[in-house]
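Please look over the chain shown here before reading the report. The text moves from the chain as a whole to a few chosen positions.

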Amino acid sequence: MTRRLRTAVLVSGRGSNMVSLIAASRMPGYPAEIVLVASNRPQAGGLQLAQAEGIEAIAIDHRSHPDRESFERELDTALNARKIELVCLAGFMRVLTPWFVARWAGRLLNIHPSLLPLFRGIHTHRQALAAGVLLHGCTVHFVIPELDAGPIVAQACIPVVPNDTEESLAARVLVQEHRLYPAALSLVASGQARLVGDRVGFENGWPCEETIASPPLGA
Ligand code: GRF
């Protein structure tokens, strides 16, 4: 079996995507191993969940740092000390500086709850309802300095149905997030998807069905 890439997950909140990545990483043959969970918020629920899974969980409180770069230097040191090779942002609510992004270029993924490039930023489900789109979803992308932008690794969509609310959309998108992020991380960790300039290059010329799936109406 090929070596599994040492992966860290960065969270700021409840950590449900982190849990899905940990579960996937325990499947036979999965090409990434989650060895660290880090949060900028000591109270993040994700830290307790990671500990319960037996994974090292650390808090690096951004409020105890004078500026972003000083916070990021501590984070970078913690990642390097554990020989981390890939970093997954999963509900990590700190904007990263170009310095940090450059250090981890091509090795830093994020999941965003919209079909990028639509609906960057927060309240993505509210934005989708306001725009009247009929399809909504989530995106896993490589991180670049620009917020919620960057080469797309995988997307999944759901239909927007009558009477949908922010909450109902969030719940259905989250189901897809939990499926999509492990599939996307697998592609990147195995080398089947990699950053080539400002695009993602896929080993077989095209992503697998799992990472561009459209569930049927009502799913
Ligand atoms: C997810 O919707 C993710 O797409 C967004 O923040 C939320 C985090 O949820 N970036 P969780 O902490 O993974 O449960």
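The report that follows describes a predicted model.

## Overall architecture

The chain is built from six helices and nine strands. With 219 residues, a compact globule would be expected to have a radius of gyration near 17 Å, and because the chain has 17 Å, the two values agree. Along the principal axes, the C-alpha atoms of the chain fill a box of roughly 50 × 40 × 35 Å.

Buried residues account for 50% of the 219 residues. Among the contacts in the chain with a separation of 6 or more, 63% come from residues 24 or more positions apart.

## Surface and charge

The chain exposes about 10500 Å², and carbon and sulfur atoms supply 57% of this area. Its charged side chains comprise 20 positive and 20 negative ones, and the centres of the two sets are 3 Å apart.

## The loop between E5 and H5

Two residues with backbone features to note belong to the loop that runs between strand E5 (108-112) and helix H5: Pro117 is placed in this loop, and so is His123. As background, most residues other than glycine have a negative phi, and most peptide bonds are trans. The peptide bond from Leu116 to Pro117 is cis, with omega near 10°.

His123 has a phi near 55°, which is a positive value in a residue other than glycine. Is the side of the chain at His123 buried, exposed or partly exposed? His123 counts as partly exposed because its relative accessible area is 42%, a value between the limits of 20% and 50%.

## Helix H5: Thr124 and His125

Helix H5 covers residues 124-131 and includes Thr124; His125 is found in H5 as well. Thr124 is buried, since its relative accessible area is 3% and the limit for burial is under 20%. His125, with a relative accessible area of 12%, is likewise buried.

Leaving out residues up to four places away in sequence, Thr124 touches His112, Pro113, Ser114, Phe119 and His136. To Pro113 there is also a polar contact, in which the side chain of Thr124 reaches the backbone oxygen of Pro113 at 2.8 Å. With the same residues left out, His125 touches Pro113, His136, Glu166, Leu169, Ala170 and Val173. Pro113 and His136 therefore appear in the contact lists of both Thr124 and His125, within the 4.5 Å limit for a contact. The C-alpha atoms of His125 and Arg172, which are 47 residues apart along the chain, are separated by 11 Å.

## Asn163 in the loop before H6

Asn163 is found in the loop between strand E7 (152-159) and helix H6 (166-189). Its phi is near 70°, again a positive value in a residue other than glycine. Asn163 counts as exposed because its relative accessibility is 76%, and the limit for that class is over 50%.

## Arg4 ahead of the first strand

Arg4 is placed in the segment before strand E1 (5-11). With a relative accessible area of 26%, Arg4 is partly exposed. Which residues does Arg4 touch, not counting those up to four places away in sequence? They are Ser25, Tyr30, Pro31, Ala32, Glu33 and Glu85.

Two of these partners offer backbone oxygens to the side chain of Arg4: the oxygen of Tyr30 lies 3.2 Å from a polar atom of that side chain, and the oxygen of Ala32 lies 3.3 Å from a polar atom of it. Arg4 and Val95, by contrast, are 91 residues apart in sequence and 28 Å apart in space, C-alpha to C-alpha.

## Gly13 between E1 and H1

Gly13 is found in the loop between strand E1 and helix H1 (16-25). Its relative accessible area is 22%, so Gly13 is partly exposed, the limit for burial being under 20%.

Apart from neighbours within four places in sequence, Gly13 is in contact with Arg41, Ala44, Gly45, Gly46 and Gly91. The C-alpha atoms of Gly13 and Ala59, 46 residues apart along the chain, are separated by 12 Å.

Notes: Residues are numbered from 1 along each chain as its sequence is written. This is a predicted model: local features need pLDDT of at least 70, side-chain atom pairs count only at pLDDT 80 or more; totals for chains, interfaces and linings use all residues. Side-chain values use heavy atoms; hydrogens and water are left out. Helices (H or I, at least four residues) and strands (E, at least two) are DSSP runs, numbered from the N terminus. The radius of gyration is taken over C-alpha atoms; the globule rule is 2.2 Å times the number of residues to the power 0.38. Buried means under 20% relative accessible area, exposed over 50%, partly exposed in between (1.4 Å probe, protein chains only). Accessible areas come from the Shrake-Rupley method with a 1.4 Å probe; for residues, only the protein chains shown count as cover. Lys and Arg count as positive and Asp and Glu as negative; His and the chain ends are not counted. The place of a charge is taken as NZ of Lys, CZ of Arg, CG of Asp or CD of Glu. A polar contact is a pair of N or O atoms within 3.5 Å; within protein, one must be able to donate a hydrogen and the other to accept it, and residues adjacent in sequence count only if both atoms are side-chain atoms.
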